[in-house]
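Reader: I am new to this structure and would be grateful for a close look at a single part of it. Please take the enclosed empty space as the subject.

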Amino acid sequence: MSFWRWLWLALKMIYQLMCCSVSLILFCFNVFWLFCNLAIPWCTLTLIVVCIASKFVKLQRSPNEKRLLSLLSTPEEWPSYWPIANRAAGFDAPENSKAAIKKCLARGYRNVLLDAGLTSCGEIVVANPKKINVAQQPLAELQKLNIAEQHPMGSHFEAESVASLRQLSDFLEAEAAQTTVFLRLHDNSARMIDQLQKFMTADETFTQRTVVISRSPLAIYQLRKLKPEIVCGLWHETYLSLAILKSSTLITSIYGAVLRNIIVPVIGISVVFLSKDEINFHIADLWRNVGVRPIVYMVNSPNEKRYFQKTMKIQYLTDSLRSEPHLLMKA
């Protein structure tokens, strides 16, 4: 009798398991049906409203396309326009220094990217916040530092202090007038935007040679709303580096479409800095189709540089100009 009893209990458990499974399947189906009939239409309607609204709040992309081309292009007498020297080629000379800018120009490269931060006293300075705590110090204290000491070859360079944005502008005007500056903002606060807008309004020459770079679309929008003549670019972080997001082609596509077709037209950027790990021909063409020039970071090996020059035909950000392909060929 015990055998039949255990068989009956086993069959009863299997029956209950099947009932629970069917109930779970029906529940999932009902949830999916509800989502399809309610959520998707509302999401679609919301997306349409956002697209229409973006047409009324968008800013002019670039005040002058010829001006943008003159900033990014290089005269024939210069050897190459492909590289943009990150922190004025911080591997070759003290980063963000006047000496580094001079060295770039001496080698025939005029495009440099410099870091910008806001001091505790409200002055904009040119410094790498990862190495110098800009936000917690006033300008007077920062200018006591010798930034050449932080470089491995610092002994080969003269002592130099952290430069304010005004000092940088005066230096460029006096000794490096050919330079195109990509000014990367590490502080995207309203105070920083207000100070930068006031400075660039007062110094039109600096504005004409500068492309302001920020990772914050809101900061770019606020800056260009105050002064539309400023040419801006977006520093695109690898937000989709999480495996759960990167593995989803749908999420990646939606994110890219919203960024390029809604956010970009609203803020009016002219260039975008993309990681070399997330760029390909298709992505590059998508950005070009919305009128934005892609630039790749960080590219340091000669083979990678040759690939982006010859195959992708995209400008790139580099820490060193010593590894430029044409220089190695001359050597």
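How do the residues of the lining of the largest cavity divide into nonpolar, polar and charged?

Author: The model is a predicted one, and the answer below applies to that model. The lining of the largest cavity comprises six nonpolar residues and three charged ones, with no polar residue. Its members are A88, A89, D92, A93, A100, K103, C104, R107 and L321. The charged group consists of D92, K103 and R107, because Asp, Lys and Arg are counted as charged. A88, A89, A93, A100, C104 and L321 make up the nonpolar group, since Ala, Cys and Leu are counted as nonpolar.

As for the space itself, the volume of the largest cavity is about 30 Å³. The count of cavities of 30 Å³ or more comes to one.

One of the lining residues, A89, deserves further attention. A89 is placed in the loop between strand 1 and helix 3. Although A89 is not a glycine, its phi is positive, at about 60 degrees. A89 has a relative accessibility of 2%, and therefore counts as buried, the cut-off being under 20%.

The loop between strand 1 (83–86) and helix 3 (98–107) also holds R87. R87 is not a glycine either, yet it has a positive phi of about 55 degrees. With a relative accessibility of 14%, R87 likewise counts as buried.

To summarise, the lining of the largest cavity combines six nonpolar residues with three charged ones, and A89, one of its members, is a buried residue with a positive phi.

Conventions: Residues are numbered from 1 along each chain as its sequence is written. This is a predicted model: local features need pLDDT of at least 70, side-chain atom pairs count only at pLDDT 80 or more; totals for chains, interfaces and linings use all residues. Side-chain values use heavy atoms; hydrogens and water are left out. On a 1 Å grid over the protein atoms alone, a cavity is a set of points where a 1.4 Å probe fits but cannot get out, and a pocket is an open set with protein on both sides within 12 Å along at least five of seven lines; lining residues have an atom within 4 Å of a point. Grid points are joined across faces, edges and corners, and a volume is the space filled by probe spheres set on the points. Helices (H or I, at least four residues) and strands (E, at least two) are DSSP runs, numbered from the N terminus. Buried means under 20% relative accessible area, exposed over 50%, partly exposed in between (1.4 Å probe, protein chains only).
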